[in-house]
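Grab a coffee and open the structure viewer. The exercises below take you through one protein chain, each with a worked solution to check against your own.

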Amino acid sequence: MSNDNNQVNWKAHSVGLIMLTISLSTTVLSGIYASNMNDQLKAAENTVFEQEQLNFQSAEQKKTYDQYIKRYLPLVEKGVVGNTQRLQWLETLKGTSEKLALPKLEYTVEKTLISSEPVDFYTHPSSQFEATPMKLDMKIMHEGDFFNLFKELRNKANGIFSVEYCYLKVIQSELGSPSKLEQDLFQGLNGECRLSWYTFLPLNEQQGNNVEDPYAI
């Protein structure tokens, strides 16, 4: 048998080979395209999931905001949160002294310091506030003036305060004689009190905190 009969006529199959090459190339490219599309689909799904998570967090934050904003704003208006209001305290003391007709009311305001020590059991340990000590020297005619003084402060003064201590001492006339009634000898009471005023700092003003205050107005 002649060797010519065993030789492949490539020219006769050239068209088929070209078509096969094109088919293989198309298959490979389709696979690559499908893989890229699958990666893009997964990325899109991840983006959608992340956005859903962000939407959920935003909804929760808004719910928290709506829940507490009505309680927060009155604290700002009352001076519990914000700037220390020394002048307002002194004006309230002066007005209260005149209203109650106190014989004497003197006050000394000391330096304001930033603190994070708990004000009471309910104070959050991360809260920072300005603490301002104040000393009161007074003369009152009866115990009712004492209680009315602090009632006026709690109702009208901005901020909150605690009474660290108070001393009251009865004043008696040195000129009185045993023949006078005890009420005639009574000249009132001298009092000395030490207060601490507290003003909580907004979140964005606290030291070491770069977070914006969500309730800032």
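**Exercise 1. Aromatic pairs**

How many aromatic pairs does a search of the whole structure find? Then work out the geometry of the pair formed by Phe-129 and Tyr-198.

*Solution.* Keep in mind throughout that this is a predicted model.

- Step 1. The search of the whole structure turns up 8 aromatic pairs.
- Step 2. For Phe-129 and Tyr-198, the ring centres are 5.4 Å apart and the planes meet at 85 degrees. Planes over 60 degrees apart count as edge-to-face, so this pair is edge-to-face.
- Step 3. Now place the two residues along the chain. Phe-129 belongs to strand 3 (residues 129–140) and Tyr-198 to strand 5 (residues 186–200), so the pair links distant parts of the chain, 69 residues apart.
- Step 4. Both Phe-129 and Tyr-198 are buried.

**Exercise 2. Two neighbours, two surroundings**

Is Phe-146 buried or exposed? Do the same for Phe-147: buried or exposed? Then find the aromatic cluster that holds them.

*Solution.*

- Step 1. The rings of Phe-146 and Phe-147 make an edge-to-face pair, 5.4 Å from centre to centre with 80 degrees between the planes.
- Step 2. Phe-146 has a relative accessible area of 13%. Buried means under 20%, so Phe-146 is buried.
- Step 3. Phe-147 reaches 57% relative accessibility and therefore counts as exposed, the cut-off being over 50%.
- Step 4. Phe-146 and Phe-147 belong to one aromatic cluster together with Trp-89, Phe-150, Phe-161 and Trp-197.
- Step 5. Look at Phe-161 once more: the charged end of Arg-154 sits over its ring, 4.4 Å from the ring centre.

**Exercise 3. Checking a helix with a ruler**

What span should helix 2 have, and what is the distance between its end C-alpha atoms? Which residue follows the helix?

*Solution.*

- Step 1. Helix 2 covers residues 86–100, which makes 15 residues.
- Step 2. The expected span is 1.5 Å times one less than the number of residues, so helix 2 should span 21 Å.
- Step 3. The end C-alpha atoms are 21 Å apart, in agreement with that expectation.
- Step 4. List the buried positions of helix 2: Gln-88, Trp-89, Thr-92, Leu-93, Thr-96, Ser-97 and Leu-100.
- Step 5. Take Gln-88 as an example. Leaving out residues up to four places away in sequence, Gln-88 touches Lys-156, Ala-157 and Asn-158. Gln-88 and Gly-159 are 71 residues apart in sequence, while their C-alpha atoms are 9.7 Å apart in space.
- Step 6. Ala-101 follows the helix. Its phi is positive, about 55 degrees, although Ala-101 is not a glycine. Ala-101 sits in the loop between helix 2 and strand 1 (104–109), and its relative accessible area of 56% makes it exposed.

**Exercise 4. The disulfide**

Which cysteines form a disulfide, and which parts of the chain does the pair tie together?

*Solution.*

- Step 1. Count first: the structure holds 1 disulfide. As a reminder, a disulfide is a covalent bond between the sulfur atoms of two cysteines.
- Step 2. The partners are Cys-166 and Cys-193, with their sulfur atoms 2.0 Å apart.
- Step 3. The angle about the S-S bond is 120 degrees, and the link of Cys-166 and Cys-193 is right-handed.
- Step 4. Cys-166 lies in strand 4 (residues 160–172) and Cys-193 in strand 5, so the pair ties together parts that are 27 residues apart in sequence.
- Step 5. Compare exposure: Cys-166 is partly exposed at 25% relative accessibility, whereas Cys-193 is buried at 0%.

**Exercise 5. One residue and the whole chain**

Which residues does Thr-132 touch? Afterwards, zoom out to the chain.

*Solution.*

- Step 1. Thr-132 is in strand 3 and counts as buried, at 0% relative accessibility.
- Step 2. Not counting residues up to four places away in sequence, its contacts are Thr-84, Arg-86, Trp-89, Val-109, Glu-110, Lys-111, Thr-112, Leu-195, Ser-196 and Trp-197.
- Step 3. For the chain, count 4 helices and 5 strands, in the order α-α-β-β-β-α-β-α-β from the N terminus.
- Step 4. Of the 217 residues in the chain, 25% are buried.
- Step 5. Among contacts between residues at least 6 apart in sequence, 70% join residues at least 24 apart.

Definitions and conventions. Residues numbered from 1 in each chain as written. Predicted model: local features only at pLDDT ≥ 70, side-chain atom pairs only at ≥ 80, totals over all residues. Heavy atoms only, no water. Helix = DSSP H or I, 4+ residues; strand = E, 2+ residues; numbered from the N terminus. Buried < 20%, exposed > 50% of the residue type's maximum accessible area, 1.4 Å probe, protein only. Phe/Tyr/Trp six-rings, centres within 6.5 Å; stacked < 30°, edge-to-face > 60°. Lys NZ or Arg CZ within 6 Å of the ring centre and 35° of its normal. Contact = heavy atoms within 4.5 Å. Disulfide = S-S within 2.5 Å.
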